[in-house]
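Got the viewer open? Let's take a walk through this one, starting with a single element and then zooming out.

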Amino acid sequence: MSDTSRPTMRLEKDSLGELEVPADALYGVQTQRGIHNFPITGWLPHPLLVAATVTVKKAAALTNRQLGQLDDERSQAIVQAADEVLAGQHHDQWRIDPFQAGAGTSHNMNTNEVLANRANEILGRPRGSYQPVNPNDHVNMAQSTNDVFPTSMRIATLMNLELFYPAITMMAEAYADKGREFDHIIKSGRTHMQDAVPIRLGQEFTAYSRVLFKMRDKIKRAAESLLELNIGATAAGTGLNSDPRYQQTMVATLRELTGFPLQPAEHLVEMTQSQYAMAEVSAALRGLALELIRISHDMRFMSSGPQTGIMEIVLPPVQPGSSIMPGKVNPVMFEMLTMVCNQVIGNDTAVALAVSEGQLELNVMMPQMAFSTMMSIDILKNALRVVTEFNVRGITANEERARYMVAHSMGLATALNPYIGYAAAATVVKEALKTGKPIRDVVIEQGLLPAEEVDRILDPRTMTEPGIPGKGARAVGGG
């Protein structure tokens, strides 16, 4: 009795021998070996990595035809197959786990086989025939995994970053909007987690905005290193088996297809050995993650409460915070953002280690670099978007609480230094802490300054700008 549940198979052959492949698969024997050998995560390649690799293959088919190395029929069929993938078809045919054969050979061959089989179908031949279009001889013409994968990895990262920049810009602009909205609100500053001189809530939020814009620009500058490509290097950076005109023509074609200002490597051996560009981009993403963790801590700290914490700002509630404590609402969006940033820092460590693992003419850890960097971009992009939409834009200020806190802050005494001296001001602070009285009342009670002078000196707004508060009043050593 036949097993009707088993899919129809076709038999294919490579240098290791014969192997069955699903009859309806566009991929072939080498992809099937990769599926068998690397059941590691159950994840599939990133869609943008697939698109970038297919774009490289399309560019190669166009370039090789232009240079007279590939006939029109094969070139057009490969280009048509590539265009189908770039239009959203056949993506389920990329099946290799991100943790796979070194350098990404399995991913490259997956791409070669899919495009070859589809090109042959277009030309009226069955899948698995590899005639007249062969995965190695035609789709992979003048290429090696060792220049295809790093080129694809760079282009995919550039593509993903273009999707990422709007998300960080959105958060930076949202903090800038809040900075303007909150500019009139005076609050207690804090250093060492203790009372410090007053600051405006708007100044704090504007500072968050500025650092996010700076981190975005640092990432953009780091991404410029991705524009230099080693395509044309083939196996070891020597360009073996490629037309001498191939590198320049290929990069020009990729520039036209992608819209990125890509440049050919000045030294192909160097660019085939070193993958430092990925470390540079990953490190810039880590830098953003560090700043986002800091900002997230501030949001959680300033919104702590509602009755026993700081509660100078109120975060929009997005879900109940406890399975046992009724009415509790937690700062879950910033908790999530911190987890994402922790993962980005871990991914950067993985990228850094992978970049250091190059030996002689090649770094075989490129699939790990691509996977970790693309994950960092994806999760940051998604987290920035939802945190901005669900929390940052809806933050409100608790002005009454802020006024109370600044009035009772020991940091106000700093403004007294030019008038009564540091030692006397320290004595005022001790008395205020002992009695629970505001700084203003203690100064007046001790007869250190007249009430009108104290009010002018201790005006919190003047303390949030450069200068000496109460300028014009009597100062230590003055008349």
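**First stop: α2**

Select residues 47-66. This is helix α2, with 20 residues, and from its first C-alpha to its last it reaches 29 Å, close to the 28 Å expected at 1.5 Å a residue. Keep in mind as you look around that the model is predicted.

Now switch on the surface around that selection. Is α2 mostly covered or mostly uncovered? Mostly covered: 16 of the 20 residues in α2 are buried, each under 20% relative accessible area.

Next, step just past the end of α2 and pick glycine 68. Check the backbone here: glycine 68 has a positive phi of about 80°.

**Zooming out**

Clear the selection and show the whole chain as a cartoon. You should find 17 helices and 8 strands. The chain's radius of gyration is 31 Å, while the globule rule gives 23 Å for 479 residues, so the chain is more spread out than a compact globule. Align the view to the principal axes, and the C-alpha atoms fill a box of roughly 100 × 60 × 35 Å.

Then colour by burial: 52% of the 479 residues count as buried. Put the surface back on for the full chain, and about 22,000 Å² is accessible, with 53% of that belonging to carbon and sulfur atoms.

For contacts, take pairs at least 6 apart in sequence; 72% of those contacts join residues at least 24 apart.

Last stop, the charges. Colour the 43 positive and 51 negative ones: their mean positions lie 6 Å apart.

Terms used
Residues are numbered from 1 along each chain as its sequence is written. This is a predicted model: local features need pLDDT of at least 70, side-chain atom pairs count only at pLDDT 80 or more; totals for chains, interfaces and linings use all residues. Side-chain values use heavy atoms; hydrogens and water are left out. Helices (H or I, at least four residues) and strands (E, at least two) are DSSP runs, numbered from the N terminus. The radius of gyration is taken over C-alpha atoms; the globule rule is 2.2 Å times the number of residues to the power 0.38. Buried means under 20% relative accessible area, exposed over 50%, partly exposed in between (1.4 Å probe, protein chains only). Contact means heavy atoms within 4.5 Å. Accessible areas come from the Shrake-Rupley method with a 1.4 Å probe; for residues, only the protein chains shown count as cover. Lys and Arg count as positive and Asp and Glu as negative; His and the chain ends are not counted. The place of a charge is taken as NZ of Lys, CZ of Arg, CG of Asp or CD of Glu. The expected span of a helix is 1.5 Å times one less than its number of residues.
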